[in-house]
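Hello,

Here is the structure I promised to pass on to you. Please open it alongside this email and follow the residues as you read.

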There are 2 protein chains.
Amino acid sequence: MVQQRLDRTQIVESAIAFVDACGLGELTMRRLGTVLEVEAMALYRHISGRADLLEAMVDELIDGLFDDELMTEDAHSWEEYLQRVANATRKLAIGHPRIFPLIATQPPAAPWLRPPLRSVRWVEEFLSSLQRFGFSDRDAVAAYKSFTSFLVGALLLHAASLTPEAIGDEDAEASSETDLGQYPTVQRLQDLLREDHTQREFDDALDDLIERIRTSRDK
Amino acid sequence: MVQQRLDRTQIVESAIAFVDACGLGELTMRRLGTVLEVEAMALYRHISGRADLLEAMVDELIDGLFDDELMTEDAHSWEEYLQRVANATRKLAIGHPRIFPLIATQPPAAPWLRPPLRSVRWVEEFLSSLQRFGFSDRDAVAAYKSFTSFLVGALLLHAASLTPEAIGDEDAEASSETDLGQYPTVQRLQDLLREDHTQREFDDALDDLIERIRTSRDK
DNA sequence: CTAGGTTGATTACGCCGTAAACATGAATAG
DNA sequence: CTATTCATGTTTACGGCGTAATCAACCTAG
């Protein structure tokens, strides 16, 4: 996959693929240059620096959400709409677990843009959609806030669980066994703690959030 | 505040203070050394590297939660207990907004340790407390999961809003005015979006989470 | 064909984390 | 009391980082 000319979106996409494969810490201007068969400084013709690159990666992914199949046709209720956005975002987090922390964490362009729906375009889409379903101004904004909080909390933790990321390594001994001698409850509940019901927990929490939004809505 | 001898907890505390003041990106071994009036390499006698330092900072803060006044005496109901933990954690996030992303984001020591209550000690305290109030094994674990998700979502976004962090700067023009011409809903709701009701939203969401936990509990 | 602008390559600078060797002073053993 | 050990901080050095500045090659317009 060799190109004649370098191009901003191609750089950003390569960076995303690289981080997906190797992790954020490995992303380096020089290494990204190598991947694109170009010298590191060539990248600066198209992006203004590392910070700009990270921002562009986040923007690319968030904007890409619009193209998700779940988003391409209109929802028939606001509940269905929220479910579609939530599930599309969840797919994004699962698809790019090493980038999602960036999406959740990077300071947004304006303080009222809340991750992960952190582009003006998305806020517009979100608020206007809810209003099309009859939400008042206040209710739409309140829903935006609680919905984004929900997504960040649920998805950031889920994404983190998908990235081994080579933790401490510590000793060469059993890498998962800490003492737990003095922690009887944790020891007893260890199996339950390990069980993964992410999908169901996500759906349940979303259902409850929807219920919460419904009942706190102006009539 | 000059000491004769360097000491691990002193290093960690200085690092926390430094990041609170200057931001994570400014934290450097050399600079931290300067603060402590010591050469950078001296730090390596007490910590094994930058990664270890960051981990120690997180641990220090999370363990410090136990000393919060809200945690020093027993709660009389599990609802009150959750409220105390939530509010203590909230104080932590507000007190160290530039470190909280680390607390939420850094890969935990074990996959079943969920930020921000990411120490075995905390999980033990949390689960055993709920069980003292009659929670079954499953319910306690389920509450741990939904509660941590809630905290991360609510507090990470709140902490982010407290860190100006010197965003793009972009042009010298009005740093907060984007066009918004093509975003009529956002434009119209701009004031509502800017309004800050974090405390109330936090309390409301917590109340609803508690209600959710109550009704999904085994009888 | 030529002039100018765009794109990538080269070179260089200062900062980073940290490995390794060294210095020093306090604790300990004889 | 002296000699030795060991813990602690210093010095030096290395490779990698982001990126400013300069340069060379190429496309494109006239």
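Below is what was found in it.

This is a predicted model, in which local features need pLDDT of at least 70 and side-chain atom pairs count only at pLDDT 80 or more, while totals for chains, interfaces and linings use all residues. Residues are numbered from 1 along each chain as its sequence is written, chains are lettered from A and ligands numbered from 1 in the order in which they are written, and side-chain values use heavy atoms, leaving out hydrogens and water.

Start with the two chains. A turn of 180° and a shift of 0.0 Å along the axis lay chain A on chain B with an RMSD of 0.0 Å (least squares on the C-alpha atoms of residues with pLDDT of at least 70 in both). The two copies are thus related as by a two-fold rotation axis. In chain A, the residue closest to that axis is Gly153(A), with its C-alpha at 1.8 Å.

Next, look at helix α5 of chain A, residues 78-95 (helices are DSSP runs of H or I, at least four residues, numbered from the N terminus). Its buried residues include Trp78(A), Leu82(A) and Val85(A) (buried means under 20% relative accessible area, exposed over 50%, partly exposed in between, with a 1.4 Å probe and protein chains only).

Finally, two backbone details. Most residues other than glycine have a negative phi, and most peptide bonds are trans. Glu37(A), however, has a positive phi of about 55°, and this residue is exposed at 56% relative accessibility. The bond between Pro115(A) and Pro116(A) is cis, with omega about -5°, and Pro116(A) sits in the loop between α6 and α7 of chain A.

Happy exploring!

Notes:
Helices (H or I, at least four residues) and strands (E, at least two) are DSSP runs, numbered from the N terminus.
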